[in-house]
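Please brief me on this protein model. Keep it short and group the points by topic.

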Amino acid sequence: MTRRLLRAAIPLAVAVTAAGLLAGCSSGESGNPNAPASFAATAAMNPHPLTDLKQGGNMNFPLSQVPQNFNYDQIDGTQVDTNRFYLALMPRAFTAAADASLSVDTDYFSSITEGTVNGKQTITYDINPKATWSTGRPIDYTDLVTNWTAQNGKNTEYQASSTAGYDRVESLVRGSSDKQAILTFAAGKNFGDWRSLFNPLLPREAMSSPQAFNTGSINTFPATAGPFRIRSIEPGKKRFVAERNPNWWGANKAVLDTITFIPLDSTASIGALQSGEIDYYELGSSADAFKTARGIPDVDLRQSLGFQYRHFDFNGAQGRVTSDKAVRLALMKAINRSIIAQSQLGQITSKPTILDNHLFVNGQKGYQANNGDITFNPDQAKKELAAAGWVMDGQFRKKNGKQLDLQDVIPADTPNATQEAQIMQQNLKDVGVNLVIDAVPSDDFFTKYILRGDFDVTHFTWEGTPFTSSSDGIYRLTPGITLQNYGQIGSPEINALADQALAETDDTKRIALYNQLDQKVWQEGHSLTLFQRPSTYATKKNLANFGAPAFGDTDFSKVGFLK
C-alpha cells in the first residue's frame, strides 16, 4: 500500500500507494449486500483498561514499504507508515480524538496558549519539565526553533514537505526558561490552524542543517522521546525494533516490551496475518483481502470512517499533454468514478460513494460537494477534447500529427492500482484517448517518478490529519518549490484563497474559505478525487486498544494483549 500523508491534515496528507488485492468487480461480483452501508467517526479499538492486559510481549507491526527517510518532515519521509510509528516514538504538540477534536499532549507540553502582543498573534509553549530525548538531553525551546527554521521556506535547501504556518512566523524565541518557547506570527500573518505546528516535533540535531534534515535520517533514526525508543535497525532497514522506554515520564509506562516494524509487500501481508507473522493488517480497499480476513480464526475486523482517500493526479508541466487545462477537465469527465469506487469498495460497503471534495472527507466538519459539472459525461468529454484541437483519427485522437497518449505511472505489484488504471484506460479509450499503463518498481514510485514529475497521470492514496492547513503544499503553486504539488498545477486565485484560509482564526469562516479554494481546485483540473476508504483493520482478537482510530491518534502506551 503506497501512501503519502497530507502534511498538515486533510489538509496535509501522506501519500499512500494503493497496494491491495483485486477488488470484487474484477471477478464479476456486484458487491456485498451484507456489508455495512456506512461507517461512523467512532474508533473501533477493542478498548480495555490496563488491568485487563498482560505486561510485556511483542507486537509485529507491518509497514507497506521500507521508510525512505526516518525524518517525517522531509519530503521523502512524509508517509503514512512514518506517521503511524511516530505516535509510539516522537513528541507532538496536540493529540486528536476519534472525532478529530484536539487537546494539548501533556506528556510533552504542560500548556500551549494563544495570545496577542502588539496586534500580533502569539503562541506560548510551556514544555513538560520531564520531557527528555532518548539521548538524555531535555526537550527545550531550541528544538522548536530548529523545527521552525527547517520548515519556514526561507532556505530552500531544506527539502520540507510543507511550510504551512511556519512560513508565517516572524520569530520564535526563548521564554522565561529553556523549557518555554514564544512564537510570534508576523503582522497580518495570523495562522488559524496554529495547532498543526510541531506535530510532530523532531530533535534539533535532525533539523540543524539542510544536510542533517535531508539525509541525516535516511538510515539512522533521530533521537526519540516517546513511550518507546529504537532498539535496533537491521541493515537495509529490513525491519526495526522499538523497545519500551525505561525513562518514559508519561502517565502510563508502555504495556508492550517491544514493537517490531516489518516492511511487507502488500500481496504478502494477508498471508502473514494468517500465519501469525503479523498482528494486524490494514486492509485498505482490497476486497479479496477483506474476504480472506473474515475467515481467519481469532481475527477481528475493526472499521470506522477515516482520512484516507484515493485520487488521480495530473501533471501540468510544460510539454505534457496534460499541461492544457481544457484537456484535464475533459479527461476528468471521461472517468467513471462510481465504477471505480464499486470495484474497490463493493465487498467492504454496500453503498460505495465517490468523494467530491479535496480538502474534507465524509464525516468531517466542512465536507460538501464542490465538483460542479465534473461528473461522468463521456459525450461532453468528447466535445471538449475536440474543442481543444484533438480530433479522432482512427481509434484515437490526434493533434498536429501527434496521438493523444497518456503515461499512467503506478507502482508495480499493486493490484488495486492496476485495476483502477484498467478501468480508466477503457473509459479514456471510449473518448479517443490512449492510456499507457507504466508499472514501475514500488520503491522507485515516488522518488524516481512522482517527485520528479515523470508522469502524465498517477494515482495513490492521500491520508489527512485533523489540521485543515495540511493540504496547503498540495494545491499551492510556488515557482521552484514542489512541496506536495507533484503535478505543479495551480493558480494565483488558489494561492490567494489559501493565504486567506491560513490567516482566518474563525473556524466557520476558515472552512468556508477552504471550500471556496476547493471549488477553484476542481475548476483548475488539478486532480480527481475518487473515493474515501473506510478504515479497516484486520486485528488479532486479543490485541487491545488498537485498531481503526477514525480521525484520532493511537496511544501506543496502552496497546497490549489481553490476559
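Asn46 sits in the loop between β2 (14-17) and β3. Its backbone stands out: Asn46 has a positive phi of about 50°, yet it is not a glycine. This is a predicted model. The points below cover two sheets, the nonpolar cores, one buried loop residue, a C-terminal-side helix numbered α13 (residues 507-524), and some backbone details.

**Sheet with β3, β12, β11 and β10**

- The sheet is open, has four strands and follows the order β3-β12-β11-β10. Its pairing is mixed.
- β3 (58-63) and β10 (228-233) are the edge strands. Each has a single partner strand, so one side of each lacks a neighbour in the sheet.
- On average, neighbouring strands here are turned by 25° against each other, direction ignored.
- Five bridges link β10 to β11 (residues 240-244), and this pair is antiparallel.
- Across that pair, Phe228 stands opposite Arg244, and Ile230 has Ala242 as its bridge partner.
- β10 and β11 form a hairpin with six residues between the strands. In this hairpin, Gly236 takes a positive phi near 75°.
- Helix α1 (residues 80-89) lies across β3, β10, β11 and β12 (258-263). Its direction is at about 120° to β10.

**Sheet with β6, β7, β9 and β8**

- This open sheet has four strands in the order β6-β7-β9-β8, and the pairing is antiparallel.
- β6 (109-117) and β8 (169-174) are the edge strands, each pairing on one side only.
- From one strand to the next, the twist averages 15°.
- β8 and β9 (residues 180-185) run antiparallel and are joined by five bridges.
- Bridge partners in this pair include Arg174 with Ala181 and Ser171 with Thr184.
- The two strands β8 and β9 make a hairpin with five residues between them.
- Helix α2 (residues 141-151) lies across β6, β7 (120-127), β8 and β9. The helix runs at about 160° to β8.

**Nonpolar cores**

- In soluble globular proteins, nonpolar side chains tend to be buried together.
- The largest nonpolar core holds 111 residues. Within this core, Tyr125 and Phe198 touch the most other members.
- Contacts of Tyr125 include Phe109, Ile112, Leu144, Leu183, Trp194, Leu197 and Phe198. Polar residues also touch Tyr125, among them Ser111, Lys179 and Gln180.
- Another core, of 32 residues, lies apart from the largest one. Its members include Leu329, Ile423, Val457 and Leu528.

**Asn315, a buried loop residue**

- Asn315 lies in the loop between β15 (308-314) and α6.
- Is Asn315 buried or exposed? It counts as buried, because its relative accessibility is 2% and the cut-off for buried is under 20%.
- The Asn315 side chain reaches the backbone oxygen of Phe455 at 2.7 Å.
- Asn315 also touches Arg320, Thr322 and Ser323, and, among others, Gly453, Asp456, Gly487 and Ile489.

**Helix α13**

- Helix α13 has 18 residues. At 1.5 Å a residue, the helix should span 26 Å, and its end C-alpha atoms are 26 Å apart, so the two agree.
- At the start of α13, a side-chain oxygen of Asp506 comes to within 3.1 Å of the backbone nitrogen of Thr508.
- Buried residues of α13 include Ile511, Leu513, Leu517, Val521 and Trp522. Arg510, Asn515, Asp518 and Glu524 are also among the buried ones.
- The cover over these buried residues includes α6 (325-334), α7 (337-345), α11 (472-475), α12 (492-503) and β22 (527-532).
- Gly525, just after α13, takes a positive phi of about 70°.

**Other backbone details**

- The peptide bond from Asn199 to Pro200 is cis, with omega near 10°. Pro200 is in the loop between β9 and α3 (210-215).
- Ala550 has a positive phi of about 55° although it is not a glycine. Ala550 belongs to the loop between β24 (543-544) and β25 (560-561).
- Ala550 is buried, because its relative accessible area is 7%, under the 20% cut-off.

Terms used. Residues are numbered from 1 along each chain as its sequence is written. This is a predicted model: local features need pLDDT of at least 70, side-chain atom pairs count only at pLDDT 80 or more; totals for chains, interfaces and linings use all residues. Side-chain values use heavy atoms; hydrogens and water are left out. The expected span of a helix is 1.5 Å times one less than its number of residues. Buried means under 20% relative accessible area, exposed over 50%, partly exposed in between (1.4 Å probe, protein chains only). Contact means heavy atoms within 4.5 Å. A polar contact is a pair of N or O atoms within 3.5 Å; within protein, one must be able to donate a hydrogen and the other to accept it, and residues adjacent in sequence count only if both atoms are side-chain atoms. Two strands pair if DSSP finds at least two bridges between them. Axes are lines fitted to C-alpha atoms, for helices over the stretch in contact, and angles run from 0 to 180 degrees between N-to-C directions. A nonpolar core is a set of buried Ala, Val, Leu, Ile, Met, Phe, Trp, Tyr and Cys residues joined through side-chain atoms within 4.5 Å. Lists of a residue's contacts leave out its neighbours within four places in sequence.
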